[in-house]
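Reader: Hi! I've just opened this one and would love a quick tour. Could you start with the helices?

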Amino acid sequence: MAVNIKNSAEINSMRVAGRLAARVLEYIEPHVRPGISTESLNEICHRFITEDLQAIPAPLNYRGFPKSICTSINHVVCHGIPGPKKLKDGDIINIDITVIKDGFHGDTSKMFLVGEPPVRAKRLVEITHECLWQAIRMVRPGIRLGDIGHTIQHYAESHNCSVVREYCGHGIGMEFHEDPQVLHYGDPGTGLVLEAGLTFTIEPMINAGKRHVRLLQDNWTVVTRDHSLSAQWEHTVLVTDCGYEVLTLREDEAP
Ligand code: MF3
Ligand code: CO
Ligand code: CO
């Protein structure tokens, strides 16, 4: 696996791209309300990314993806395509933003609660958030990708949830998806040893029911086979000399 270790100029460009991606999630937050369509969310993000941020929405036309963001509601695991469907009270939705600025990618997603979702939905969202942050806090030179995957899997499964295996985190830089693959399950002491200058995403998809997924006819939308709820959070992370830096940190998060 040829992983790409970034130099300090590249790291600075990744910081810029990551910060812009985070700003899109900050910007869209007040719009995520009952009654808005995912197509409208897409349009608002597209305009903000292209006009205000002077950046490129990476999903648009990526391998034929037709929109600028991914919107994944309730039992949709990932890669939901924005459309006329309107958010309703009690939904949970993941909005996944990837921007390209000066050739570098920043990739991040978060869950939004629409109105007042049931306790079991809020619990899944919180468990998935904790999976992401337990993993992030482990990142430093010398730990292995299997350590990260194992921690996520252990936390999810010990809370009676399951980890989606068909999709994973990824190295990121001038390419959207670079080596290595960052699995959200695995065994401690296995896999790539992290080194400073590596940039990658962690983006666990956690289901309230079984882990199995199905691809819809549109060839993008991934749903849980058993129609159980699914949640996902994503950050782009840099391995530093002594730990980690979250490149897509939002103002509402503590580092
Ligand atoms: N942003 C997603 C990821 O985290 C990838 C979306 S690909 C798209 O890797 F084509 F659906 F946009
Ligand atoms: Co990603
Ligand atoms: Co993403």
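Author: Happy to. Axes here are lines fitted to C-alpha atoms, for helices over the stretch in contact, and angles run from 0 to 180 degrees between N-to-C directions. Helices (H or I, at least four residues) and strands (E, at least two) are DSSP runs, numbered from the N terminus. This is a predicted model: local features need pLDDT of at least 70, side-chain atom pairs count only at pLDDT 80 or more, and totals for chains, interfaces and linings use all residues. Residues are numbered from 1 along each chain as its sequence is written, chains are lettered from A and ligands numbered from 1 in the order in which they are written, and side-chain values use heavy atoms, with hydrogens and water left out.

Reader: Great. At what angle do the axes of α3 and α4 cross?

Author: Roughly 155 degrees, and the axes of α3 and helix α4 (residues 145-158) come within 9 Å. The two are therefore roughly antiparallel; angles under 35 degrees count as roughly parallel, over 145 as roughly antiparallel, 65 to 115 as roughly perpendicular and the rest as oblique. The crossing of α3 and α4 is right-handed, meaning that the near helix is turned clockwise from the far one by less than a right angle (anticlockwise would be left-handed).

Reader: Which residues in α3 and α4 meet?

Author: From α3, Ile127, Glu130, Cys131, Gln134, Ala135 and Met138 meet Asp147, Ile148, Thr151, Ile152, Tyr155 and Ala156 in α4. Contact means heavy atoms within 4.5 Å.

Reader: And how far apart are the axes of α1 and α2?

Author: They are 10 Å apart, with helix α1 (residues 8-28) and helix α2 (residues 38-52) packing at an angle of about 135 degrees. That makes α1 oblique to α2. Their crossing is right-handed. Arg23, Val24, Tyr27 and Ile28 of α1 meet Leu41, Ile44, Cys45, Phe48 and Ile49 of α2.

Reader: Switching to metals: what are the protein donors of the cobalt ion (ligand 2)?

Author: Asp107 (OD), His170 (NE2), Glu203 (OE) and Glu234 (OE), lying 2.0 to 2.2 Å from the ion. Donors are N, O and S atoms within 2.8 Å of the metal (3.2 Å for Na, K and Ca), and water is not among the atoms, so sites may look incomplete.

Reader: Why is the arrangement around ligand 2 irregular?

Author: Because its six donor atoms subtend angles of 51 to 162 degrees. Six donors count as octahedral, and four as square planar, if opposite donors are over 155 degrees apart and all others between 65 and 115; four are tetrahedral if all angles lie between 85 and 135 degrees, and anything else is irregular.

Reader: How far apart are the cobalt ions, ligand 2 and ligand 3?

Author: They are 3.4 Å apart, and Asp107 coordinates both. Asp107 lies in strand β5 (residues 104-113) and His170 in strand β7 (residues 169-171), so the pair ties together parts that are 63 residues apart in sequence. Both Asp107 and His170 are buried, where buried means under 20% relative accessible area, exposed over 50% and partly exposed in between (1.4 Å probe, protein chains only).

Reader: What about the protein donors of the cobalt ion (ligand 3)?

Author: Those are Asp96 (OD, listed twice), Asp107 (OD) and Glu234 (OE), lying 2.1 to 2.4 Å from the ion. The six donor atoms around ligand 3 subtend angles of 58 to 165 degrees, which makes this arrangement irregular. Along the chain, the donors follow the spacing D-x10-D-x126-E. Asp96 lies in strand β4 (residues 92-101) and Glu234 in the loop between β13 (230-232) and β14 (235-239), so the pair ties together parts that are 138 residues apart in sequence. Asp96 counts as buried at 12% relative accessibility, and Glu234 at 1%.

Reader: Nice! What does Leu132 touch?

Author: Leaving out residues up to four places away in sequence, Leu132 touches Ile202, Pro204, Trp233, Glu234 and His235. Leu132 sits in helix α3 (residues 119-138), buried at a relative accessible area of 1%. Its C-alpha is 6.8 Å from that of Glu203, 71 residues apart in sequence.

Reader: Last topic, backbone geometry: is the peptide bond from Asp179 to Pro180 cis or trans?

Author: Cis, with omega near 0 degrees; Pro180 belongs to strand β8 (residues 178-182). Gln54 has a positive phi, near 50 degrees, in a residue other than glycine, and counts as exposed at 56% relative accessibility. Arg63 also has phi near 50 degrees, and counts as exposed at 69%.
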